[in-house]
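Subject: A structure for you to look at

Hi,

Here's the structure I promised to pass along. Have a look at it first, and then read on for what I found.

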Amino acid sequence: FFVLLLKVLGVVSFCQGPGQSSQALSWRAMIPPPTGVTPPDAAYAPEKVQHNLTALYRIRNFVAILTGCLAGLLGLTGLSGFALYLVLSYLCAGMLAYSVRLSEHFRTVSEVFDFGCVTQGFMSFLLFWTLVYDSIYIF
């Protein structure tokens, strides 16, 4: 299911610049940088990084909408709805990390597991949670 979701919402592209092979980028990503030194961003093409972050944003919003609909259908109220959103948001990030090699698609792993995992789709979640809940249980 998750691979299909990646294909529908925009397949993440490799973050390599022109003339770089994915083998060279994978090999470079496997070697940890020396202590206190960050790897250069020159290995990543900015347009590919932007594309991957946009795809990640779309995936997070889509999962937030589905989670809001699920919370509304289940009739969850209060903190139980928010807990469902937190669990499914980080579960989605974990499934993304499991299905693709993050070192090839993102500069750091924290771009996937940051606080944006919760905040980017929160308003969509809230909108669909109240919309579905109200249409089923109130009207």
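Let's start with a small puzzle: does Leu-74 count as buried or exposed? Keep in mind as you look that this is a predicted model. Leu-74 has 53% relative accessibility, and the cut-off for exposed is over 50%, so Leu-74 counts as exposed.

Where does Leu-74 sit? You'll find Leu-74 in helix α3. The 29 residues of α3 should span 42 Å at 1.5 Å a residue, and the end C-alpha atoms are indeed 42 Å apart. Just past the end of α3 comes Gly-75, with a positive phi of about 75 degrees.

Now jump along the chain to α7, which runs over residues 122-138. This helix has 17 residues and reaches 23 Å from its first C-alpha to its last, close to the 24 Å expected. Its buried residues are Phe-125, Trp-129 and Val-132. They cover an arc of only 85 degrees around the axis, so they lie on the same side of α7. If you're wondering how that fits the spacing, an α-helix has 3.6 residues a turn, so residues three or four places apart point the same way. On the face turned away from the buried side, α7 carries the exposed residues Met-123, Leu-127, Leu-131 and Ile-138.

What covers the buried residues of α7? The cover includes α3 (46-74) and α4 (79-99). To describe two packed helices, people give the angle between their axes and the distance between the axes, so here are both pairs.

α3 and α7: the axes come within 7 Å and cross at roughly 25 degrees. That angle is under 35 degrees, so the two helices are roughly parallel to each other. Their crossing is right-handed. Among the α3 residues that meet α7 are Ala-64, Gly-68, Gly-72 and Leu-74, and the α7 residues on the other side include Phe-125, Trp-129, Val-132 and Ile-136. Leu-74 and Ile-136 are 62 residues apart along the chain, yet their C-alpha atoms are separated by 9.9 Å.

α4 and α7: here the axes come within 12 Å and cross at roughly 135 degrees. That makes α4 oblique to α7. This crossing is right-handed too. Gly-81, Phe-82 and Tyr-85 of α4 make the contact with Phe-122, Phe-125, Leu-126 and Trp-129 of α7.

When you open the model, try finding Phe-125 and Trp-129: both are buried residues of α7, and both appear in the contact with α3 and in the one with α4.

Cheers

Definitions and conventions: Residues are numbered from 1 along each chain as its sequence is written. This is a predicted model: local features need pLDDT of at least 70, side-chain atom pairs count only at pLDDT 80 or more; totals for chains, interfaces and linings use all residues. Side-chain values use heavy atoms; hydrogens and water are left out. Helices (H or I, at least four residues) and strands (E, at least two) are DSSP runs, numbered from the N terminus. The expected span of a helix is 1.5 Å times one less than its number of residues. Buried means under 20% relative accessible area, exposed over 50%, partly exposed in between (1.4 Å probe, protein chains only). The arc is that of the directions from the helix axis to the C-beta atoms. Contact means heavy atoms within 4.5 Å. Axes are lines fitted to C-alpha atoms, for helices over the stretch in contact, and angles run from 0 to 180 degrees between N-to-C directions. Angles under 35 degrees count as roughly parallel, over 145 as roughly antiparallel, 65 to 115 as roughly perpendicular and the rest as oblique. A crossing is left-handed if the near helix is turned anticlockwise from the far one by less than a right angle, and right-handed if clockwise.
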